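Good morning, and thank you for making time for this item. I would ask you to keep the sequence and the structure in view while I go through a few of their features.

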Amino acid sequence: MDLRQFLMCLSLCTAFALSKPTEKKDRVHHEPQLSDKVHNDAQSFDYDHDAFLGAEEAKTFDQLTPEESKERLGKIVSKIDGDKDGFVTVDELKDWIKFAQKRWIYEDVERQWKGHDLNEDGLVSWEEYKNATYGYVLDDPDPDDGFNYKQMMVRDERRFKMADKDGDLIATKEEFTAFLHPEEYDYMKDIVVQETMEDIDKNADGFIDLEEYIGDMYSHDGNTDEPEWVKTEREQFVEFRDKNRDGKMDKEETKDWILPSDYDHAEAEARHLVYESDQNKDGKLTKEEIVDKYDLFVGSQATDFGEALVRHDEF
């Protein structure tokens, strides 16, 4: 499937999804939960394992012996200690937890990086991205499928320039990550808001009114009766989205809607792990303190099996 077919397919799939009258489209970017497990250390450390490793990696550690868990954990600690001073701080631990939870983003960037760094110089220029992404379709001013690739390219270029902090139109991997996943970076949040408003603001007056807000997430499709959740969204718009009660959302109100200030689960978990492991109570962790509490950070099924055997012997 070439690029034009892919983009057209994506467009059609999106249109199909939005045409369903009971389908709700959610534009809000929430911080993901660290785990779907209950956070109760008296019961198990499963939540902490998912938070520290990421759910998928935690499954791998479940198969290790305690000795293997400790060895791998020691190597991870070396990566967490960003300034290499021999201590892991709350901030370093928080950054690691955020990385573990968003590892899929970095894996996505790695995949796309290989297809866009055409000269393999460790950088992706706008020209490289444009050529790799759009290529020959831009030579056709009036494509048969009617898709406006040039408009999409203009939007991509604007976002690329926003992500490119030094303005040289050449992205480092970090800048490329910000380009592909702007909602993850504070300095890219304005472009997320701008693109969202452009998508929803059908009359192009610079605001999102109630009908535009509802129309983005729900299509009547000939039905006169709205689902209950649509009525709730209308109430949400009036009561909470439109803060100044002027009947529409401006840029700041839209930002509050799609990029809410969520509770920082990663920081809370980092503080919890430090509190539970900090033997000398100096507010930071050594590798020894972390490895000593390996069951809290990574654990292993072998430990559970061992405890089960002990309990069996007691009986």
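I begin with Asn-131, which sits in helix 7, residues 126-133. Helices here are DSSP runs of H or I with at least four residues, strands are runs of E with at least two, and both are numbered from the N terminus. This is a predicted model, in which local features need pLDDT of at least 70 and side-chain atom pairs count only at pLDDT 80 or more, while totals for chains, interfaces and linings use all residues. Residues are numbered from 1 along each chain as its sequence is written, and side-chain values use heavy atoms, with hydrogens and water left out.

UniProt annotates Asn-131 as a "glycosylation site". UniProt positions follow the numbering used here, feature names are shortened, and annotations may be inferred rather than shown by experiment. Is Asn-131 buried or exposed? It is partly exposed, because its relative accessible area is 45%; buried means under 20%, exposed over 50%, and partly exposed in between, with a 1.4 Å probe and protein chains only.

A second record entry concerns Lys-165, where UniProt places "modified residue: N6-acetyllysine". Lys-165 lies in the loop between helix 8 and strand 2. With a relative accessible area of 62%, Lys-165 is exposed. Leaving aside neighbours within four places in sequence, Lys-165 is in contact with Glu-175 and Tyr-187, contact meaning heavy atoms within 4.5 Å.

Glu-175 leads us to helix 9, residues 173-180, where six of the eight residues are buried. Those six are Glu-175, Phe-176, Thr-177, Ala-178, Phe-179 and Leu-180. What do the buried residues of helix 9 pack against? Their partners are helix 6 (103-116), strand 1 (124-125), helix 7, helix 8 (149-163) and strand 2 (170-171). Helix 7, the place of Asn-131, is thus one of the elements that helix 9 packs against.

I turn now to the internal spaces. On a 1 Å grid over the protein atoms alone, a cavity is a set of points where a 1.4 Å probe fits but cannot get out, whereas a pocket is an open set with protein on both sides within 12 Å along at least five of seven lines; lining residues have an atom within 4 Å of a point. Points are joined across faces, edges and corners, and a volume is the space filled by probe spheres set on them.

The second largest pocket holds about 550 Å³ of space. It is lined by 20 residues, of which Glu-31, Lys-102, Glu-183, Asp-186 and Lys-189 are the closest to its centre. Its lining comprises six nonpolar, three polar and eleven charged residues, where Ala, Val, Leu, Ile, Met, Phe, Trp, Tyr, Cys and Pro count as nonpolar, Asp, Glu, Lys and Arg as charged, and the others, Gly among them, as polar.

There is one cavity of 30 Å³ or more. The largest cavity has a volume of about 80 Å³, and its lining includes Glu-31 and Lys-102, both also listed for the pocket just described. Helix 5 (90-101) and helix 14 (265-277) each supply at least two residues of the cavity lining. That lining divides into three nonpolar, two polar and four charged residues.

To close with the whole protein, it has 17 helices and four strands. Of its 315 residues, 38% count as buried.
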